[in-house]
Amino acid sequence: MRQRLLFWVLLSFAMTALAGPLEDGLKAYHDGQYPQAIQLLTPLAKQNNSRAQFVLGMMSYHGQGVPEDEKAAVEWLGKAAATGYVEAMYALGNLYLVGHEAAKLSAEPDHEAAIWYYKAAAAGHAQAQYQLGLLFLAGQGVIRDDDIAMLWFKKAAAQGHVEAQRSLEVMRKGK
């Protein structure tokens, strides 16, 4: 019994120690203290902390504490997305769709955007579901398919996504 208690106390301290720098880094980021955020989050990101990788990717994209660098943003976001971090998947989709430098990293940036939107959409991300629906509706990066577009709009609409609900209304009126 005593050993179990000691185990849980030590585990609790270890979890607190891990959460401390991440929480401090996120707080610094949200407070606009970007150099401090970078200092705290970079070691965590290098240790494969997906949330730290995501924030560093977004900071790189927006030039927060570092020069704007889409290539660095894609690298950090790609690492976070590879771990299953859904927001990073969605952000990568956006970068490939609208980014200038990111688009140069892929022979087919619209298709790359569709891949990342699909991964985020399949994980339940409503905005990614809507974006994927738009891609199918336009045939951008994917084969044009109104039925598949409608399917993704329905999934997003079911989560309260207003634009998806409007898109569904327009599509139903057009049929």
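**Note on a predicted all-helix model**

1. Tyr130 is buried, with a relative accessible area of 12%, and this residue is a convenient place to enter the model, which is a predicted one. Its ring pairs with that of Phe153: the two centres are 5.6 Å apart and the planes meet at 40°, so the pair is classed as tilted. The pair links distant parts of the chain, since Tyr130 belongs to helix 8 (residues 126-138) and Phe153 to helix 9 (residues 146-158), with the two positions 23 residues apart in sequence numbering. Phe153 is buried as well, at a relative accessible area of 0%.

2. On the overall architecture, the protein contains 10 helices and 0 strands, and the order along the sequence is accordingly α-α-α-α-α-α-α-α-α-α. Of the 175 residues, 40% are buried. Where contacts are counted between residues at least 6 apart in sequence, 41% of them join residues at least 24 apart. The exposed area comes to about 10,200 Å², of which carbon and sulfur atoms supply 57%.

3. How many aromatic pairs does a search of the whole structure find? The search returns 5. One of them joins Tyr29 and Tyr34, whose ring centres lie 5.9 Å apart with the planes at 50°, so this pair is tilted. For burial the cut-off is 20% relative accessible area; Tyr29, at 18%, therefore counts as buried, whereas Tyr34, at 23%, is partly exposed. A reader comparing the two residues should keep in mind that they are assigned to separate classes by values of 18% and 23%.

4. Two lysine side chains are placed over tryptophan rings. Lys79 lies over the face of Trp76, at 5.1 Å from the ring centre, and the charged end of Lys155 sits over the ring of Trp152, 5.7 Å from the centre of that ring.

5. Helix 10 (residues 162-174) has 13 residues, which at 1.5 Å a residue should span 18 Å, and the distance of 19 Å between its end C-alpha atoms agrees with that expectation. Its buried residues are Ala164, Ser167, Leu168 and Met171. These cover an arc of only 100° around the axis, which puts them on the same side of helix 10. Arg166, Val170 and Lys173, on the other side of the helix, are exposed. What do the buried residues of helix 10 pack against? Their partners are helix 8 and helix 9, the two helices that also carry Tyr130 and Phe153 respectively.

6. The loop between helix 9 and helix 10 holds His161, which counts as buried at 9% relative accessibility. With its neighbours within four places in sequence set aside, His161 is in contact with Ala126, Gln127, Tyr130 and Ala156. The contact with Tyr130 ties this loop residue to the aromatic pair described in the opening point, in which Tyr130 is matched with Phe153.

7. Helix 7 (residues 109-122) has 14 residues and reaches 20 Å from its first C-alpha to its last, close to the 20 Å expected at 1.5 Å a residue. The residues buried in helix 7 are Pro109, Ala113, Ala114, Trp116, Tyr117, Ala120 and Ala121, and the buried residues of this helix pack against helix 4 (70-82), helix 5 (86-98), helix 6 (101-104), helix 8 and helix 9. Just after helix 7, Gly124 takes a positive phi of about 100°.

8. Asn48 deserves a separate look for its backbone. Most residues other than glycine have a negative phi. Asn48 is not a glycine, yet its phi is positive, at about 70°. Is this residue, found in the loop between helix 2 (34-46) and helix 3 (50-62), buried or exposed? Asn48 is exposed, with a relative accessible area of 57%.

9. Phe54, in helix 3, counts as buried at 17% relative accessibility. Leaving aside its neighbours within four places in sequence, Phe54 is in contact with Leu77, Ala80, Tyr85, Glu87, Ala88 and Ala91. Phe54 and Val86 are 32 residues apart in sequence, while their C-alpha atoms are 9.9 Å apart in space.

Conventions
Residues numbered from 1 in each chain as written. Predicted model: local features only at pLDDT ≥ 70, side-chain atom pairs only at ≥ 80, totals over all residues. Heavy atoms only, no water. Helix = DSSP H or I, 4+ residues; strand = E, 2+ residues; numbered from the N terminus. Buried < 20%, exposed > 50% of the residue type's maximum accessible area, 1.4 Å probe, protein only. Contact = heavy atoms within 4.5 Å. Areas by Shrake-Rupley, 256 points an atom, 1.4 Å probe, with all protein chains shown as cover. Phe/Tyr/Trp six-rings, centres within 6.5 Å; stacked < 30°, edge-to-face > 60°. Lys NZ or Arg CZ within 6 Å of the ring centre and 35° of its normal. Expected span 1.5 Å × (residues − 1). Arc of directions from axis to C-beta.
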